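Please prepare a short written report on this protein for a colleague at the bench. It should cover its charged pairs, its buried elements and a few individual residues, with the cut-offs stated.

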Amino acid sequence: MIVKLALLLALVTMAFPVAAQDRRPSHCFAIADATPEVQYLHKASWSVPIDDEYTVRLSYIDHSMYLIQTHGGLNAVTDYTGFIGAATLVPDVVTMNNAHDSHWTAYPNPDIPHVLEGWRQDGEPADYHLDLDEMLVRNVTTDIRDRFGGGSRISDNNSIFIFEVAGLCIGHLGHLHHEPSDETYAAIGRLDVVMAAVDGGLTVDTPTMVRIIKRLRSSVVLPMHWFSRGSLDQFLAGVSDDFAVQRTGQSSMELSLRNLPSRPTVMVLEPSCLRAPE
């Protein structure tokens, strides 16, 4: 038993630089166990309660907005723009990035308890470690291109938000403008699920995003920020040798750590604004 523990510690040490070990606790830095592949896609409305406490529901709302829901009733919305549909849902937490105005709002609903702005705060990089018991939300900052051109970059003005919930590590890459450094990959840690912009150029170009996705090697990849089927199909073609591709035809899916696919899979969800429960 002691030998096994020593081996596991050695593997973790090799997987992540020393700097990464000094960060606040995160189970995303642990080594994931292999899990069997079973059917994991469920047709379920966002408004239906989640039966299993170890299951998370992901709903693609629009553009870069995803709704993440837990068994206990927590609701988080990524890259929140202020409009999620006709539903009266007030999220518990929203994240925003400001590279473009389609990823944030200056006027979030004042009833939202936690509004996490991914850009610099008072000249310092955004730094979140929000513990909501059932969900932990943290961020890793990246640079963005200067809007005025010239090839310059504004450091730490985009955030990759990571949601740790039900044993899963779910990452939203935001409006990513460059390939992450080794230090950034180490800070992110393991991602079971990653939401990745596949527009082909407004964020990173398709070959760069393909490299990022292959390095992250997440069990589930959720494309977002695609403006045409052409850019989406180009991305799918780029990862098809290493990833299975499933066009679900649905806007929502449910996942748990127990039933992640054994082969990394790109799950294409169809964007759909939230509707009021019938």
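Arg-229 counts as partly exposed, at 39% relative accessibility, where buried means under 20% relative accessible area, exposed over 50%, and partly exposed in between (1.4 Å probe, protein chains only). Its salt-bridge partner is Glu-270, the closest N and O atoms being 2.7 Å apart; a salt bridge is here a side-chain nitrogen of Lys or Arg within 4 Å of a carboxyl oxygen of Asp or Glu. The pair links distant parts of the chain, since Arg-229 belongs to helix H4 and Glu-270 to the segment after E14, 41 residues apart. Glu-270 is likewise partly exposed, with a relative accessible area of 23%. Helices (H or I, at least four residues) and strands (E, at least two) are DSSP runs, numbered from the N terminus.

This is a predicted model, in which local features need pLDDT of at least 70 and side-chain atom pairs count only at pLDDT 80 or more, while totals for chains, interfaces and linings use all residues. Residues are numbered from 1 along each chain as its sequence is written, and side-chain values use heavy atoms, with hydrogens and water left out.

**Salt bridges**

Side chains of opposite charge can pair when their charged atoms come close. A search of the whole structure finds twelve salt bridges, among them the three pairs tabulated here.

| Pair | Closest N to O | Elements |
|---|---|---|
| Arg-57 and Glu-254 | 2.8 Å | strand E1 (residues 55-62) and strand E13 (residues 252-256) |
| Asp-182 and Arg-215 | 2.9 Å | helix H2 (residues 182-188) and helix H3 |
| Glu-270 and Arg-229 | 2.7 Å | segment after E14 and helix H4 |

The salt bridge between Arg-57 and Glu-254 spans 197 residues of sequence. Arg-57 counts as buried at 1% relative accessibility, and Glu-254 is also buried, with a relative accessible area of 13%. In the pair of Asp-182 and Arg-215, Asp-182 lies in H2 and Arg-215 in H3, so the salt bridge ties together parts that are 33 residues apart in sequence. Asp-182 is partly exposed at 47% relative accessibility, and Arg-215 is partly exposed at 47% as well. Lys-214, Arg-217 and Asp-242 are linked in a network of salt bridges.

**Helix H4 and its surroundings**

Within helix H4 (residues 229-239), the residues Ser-231, Leu-232, Phe-235, Leu-236 and Val-239 are buried. Seen down the axis of H4, these buried residues fall within an arc of 135°, so they line one face of the helix; the arc is that of the directions from the helix axis to the C-beta atoms. An α-helix has 3.6 residues a turn, so residues three or four places apart point the same way. The buried residues of H4 pack against helix H3 (206-216) and against strands E11 (220-224), E12 (244-247) and E14 (265-268), contact meaning heavy atoms within 4.5 Å.

Strand E11 is itself mostly covered, as five of its five residues are buried. Val-220, Leu-222 and Met-224 are buried on one side of E11, and Val-221 and Pro-223 on the other. E10 and E11 pair in the parallel sense over five bridges, where two strands pair if DSSP finds at least two bridges between them. Val-194 stands opposite Val-221 in E11.

**A buried aspartate**

Asp-199 lies in the loop between strand E10 (193-197) and H3. This residue is buried yet has no salt bridge, and the nearest side chain of opposite charge, Arg-145, is 6.7 Å away; in this assignment Lys and Arg count as positive and Asp and Glu as negative, whereas His and the chain ends are not counted. A polar contact of 2.8 Å joins the side chains of Asp-199 and His-225, and the side chain of Asp-199 also reaches the backbone nitrogen of Leu-202 at 2.5 Å. A polar contact is a pair of N or O atoms within 3.5 Å; within protein, one must be able to donate a hydrogen and the other to accept it, and residues adjacent in sequence count only if both atoms are side-chain atoms. Not counting residues up to four places away in sequence, Asp-199 touches Val-204, His-225, Trp-226, Phe-227 and Ser-231, and Ser-231 is one of the buried residues of H4.
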